[in-house]
Amino acid sequence: MNLDESILKALRSATGTGVSGADLSNKLGVSRAAIWARIEELRQLGYEIEASPHTGYTLKKSPDVLHADDLRSRLGETDTIGRSIQVFQSTDSTNDVVQHLASGTTEEGAVVFAEEQTKGRGRLGRHWISPKSKGLWFSILLRPKTHPESAPRLTIMAAVALVEAIENQTGIEAEIKWPNDILIGGKKVAGILVELMAETDRIRCGILGIGIDVNLRRSQFPADLRDLATSLREVSGAPVDRPALAAAILKTLDRYYSRLEISDFGPIARKWEDRCSTLGREVSIQVGSRIVEGTAETIDEFGALMVRTRFGQVERVTGGDVSMKRF
Ligand code: BTN
């Protein structure tokens, strides 16, 4: 743990009371002057830290910025996800950054955030708008020990983690649209993009890319998306704390990813089914040049969607562009 991470952690656990420079210095094994210098740096970054001769340092307010040490301090110990975190002010696509890291020795679970992406991408080669400081745009390096056939499980567990963390942090209930969309009131608020580097029988690495429209105003979406997409801020009517949400999502992902590794997928699949608005609906799915039409019934143990066609047979669909027919 580095010094800023430790200081922020200590300040957060003493929110009501404050912590003295002497206590921080003893606890962290550095001089009071070093503590003071780091506190000054944190203030420059926008952290409102009050200093009083009676109570010591108190964290009054955190800025709306993604700061790797702050995210680590909020996250605490995790099994895999978030043991290392990097934040870019601007990059083309965080999935590309992680892909680059993957070819080196970067450990599994490394997370890359960007305040802004200039070439954010969604599924099927679509552009993903990622304006500065308005959302959470991040990617995680995974090295799952599962067969490539089980790769859809990554999207499934990520979707469950997203809806749970969003609900815990904001009280907003979101739903999952297979395979990778998170919706609120029928409008898309987040998307998941899993990219794999795999051999026939082994996943070399998976890149789990997540984009969440957190604090965009309706006017900040391109005109053609305004009726299709929304943000957590638009739904809740107030700005949402991005760093707190980011930490909650990473924590939840870490919990589910550990279960995925030990092939304990059943409970995650049930949670997914509870939150999925696609199941039980008449769907039309474009799979390459083919269209599969029928009722979305369930997902199988690998995360593929099972669709009963009007001829009665069940088709297994692992990806595609789904539209749901209205009742
Ligand atoms: C989709 O809904 O089509 C998936 C959208 C995924 C967007 C995220 S933002 C972070 C990461 N980097 C990218 O370029 N894409 C993903």
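How many bridges join strand β7 to strand β8, and do they run parallel or antiparallel? I started my notes there: four bridges link β7 (residues 181–184) to β8 (residues 187–199), and the two strands run antiparallel. Within that pairing, I found D181 standing opposite G191 in β8. A reminder to myself that this is a predicted model.

**Entry: the sheet**

Next I looked up the sheet that β7 and β8 belong to. I get seven strands in an open sheet, ordered β3-β4-β5-β9-β8-β7-β6, with mixed pairing. The edges are β3 (85–88) and β6 (175–177); each has a single partner strand, so one side of each is left without a neighbour in the sheet. From one strand to the next, the twist averages 20 degrees. A general note for the margin: strands of a sheet pair through backbone hydrogen bonds, either parallel or antiparallel.

I also checked β1 and β2. Strand β1 (residues 48–52) and strand β2 (residues 56–61) are antiparallel and joined by five bridges. They make a hairpin with three residues between them, and I49 sits opposite L59 of β2.

**Entry: helix α4**

Which strands does helix α4 lie across? I find α4 (residues 68–75) across β3 and β4 (111–114), running at about 145 degrees to β3. I then asked how many of its residues are buried. Eight of the eight are, so α4 is largely enclosed by the rest of the structure. The buried list takes in charged residues as well as others: A68, D69, D70, L71, R72, S73, R74 and L75. Just after the helix, G76 takes a positive phi of about 70 degrees.

**Entry: the ligand**

Which residues come nearest to the ligand? There are 21 residues around the ligand, and S93, Q117, R121, R123 and K188 come nearest. I wrote down three polar distances. T94 puts a polar side-chain atom 3.2 Å from a ligand nitrogen. R121 uses the backbone: one of its N or O atoms lies 2.7 Å from a nitrogen atom of the ligand. R123 also has a backbone N or O atom in play, 2.6 Å from an oxygen atom of the ligand. On its own the ligand has 410 Å² of accessible area, and the protein covers 98% of that.

**Entry: N180**

I went from R123 to N180, which lies in the loop between β6 and β7. Is N180 buried or exposed? Its relative accessibility is 4%, and the cut-off for buried is under 20%, so N180 counts as buried. The side chains of N180 and R123 share a polar contact of 3.4 Å. A polar atom of the N180 side chain also lies 2.8 Å from the backbone oxygen of I192. Setting aside neighbours within four places in sequence, I have N180 in contact with R123, T155, K188, A190, G191 and I192. R123 and K188 turn up here again, having already come up among the residues nearest the ligand.

**Entry: R217**

Last lookup: R217, in the loop between β9 (202–213) and α7 (232–236). At 38% relative accessibility, R217 counts as partly exposed. Again leaving out neighbours within four places in sequence, R217 is in contact with R233 and E234. I also noted G237, 20 residues from R217 in sequence and 10.0 Å away in space, C-alpha to C-alpha.

How values were computed
Residues are numbered from 1 along each chain as its sequence is written. This is a predicted model: local features need pLDDT of at least 70, side-chain atom pairs count only at pLDDT 80 or more; totals for chains, interfaces and linings use all residues. Side-chain values use heavy atoms; hydrogens and water are left out. Two strands pair if DSSP finds at least two bridges between them. Axes are lines fitted to C-alpha atoms, for helices over the stretch in contact, and angles run from 0 to 180 degrees between N-to-C directions. Contact means heavy atoms within 4.5 Å. A residue is near a molecule or strand if one of its heavy atoms lies within 4 Å of it. A polar contact is a pair of N or O atoms within 3.5 Å; within protein, one must be able to donate a hydrogen and the other to accept it, and residues adjacent in sequence count only if both atoms are side-chain atoms. Accessible areas come from the Shrake-Rupley method with a 1.4 Å probe; for residues, only the protein chains shown count as cover. Buried means under 20% relative accessible area, exposed over 50%, partly exposed in between (1.4 Å probe, protein chains only).
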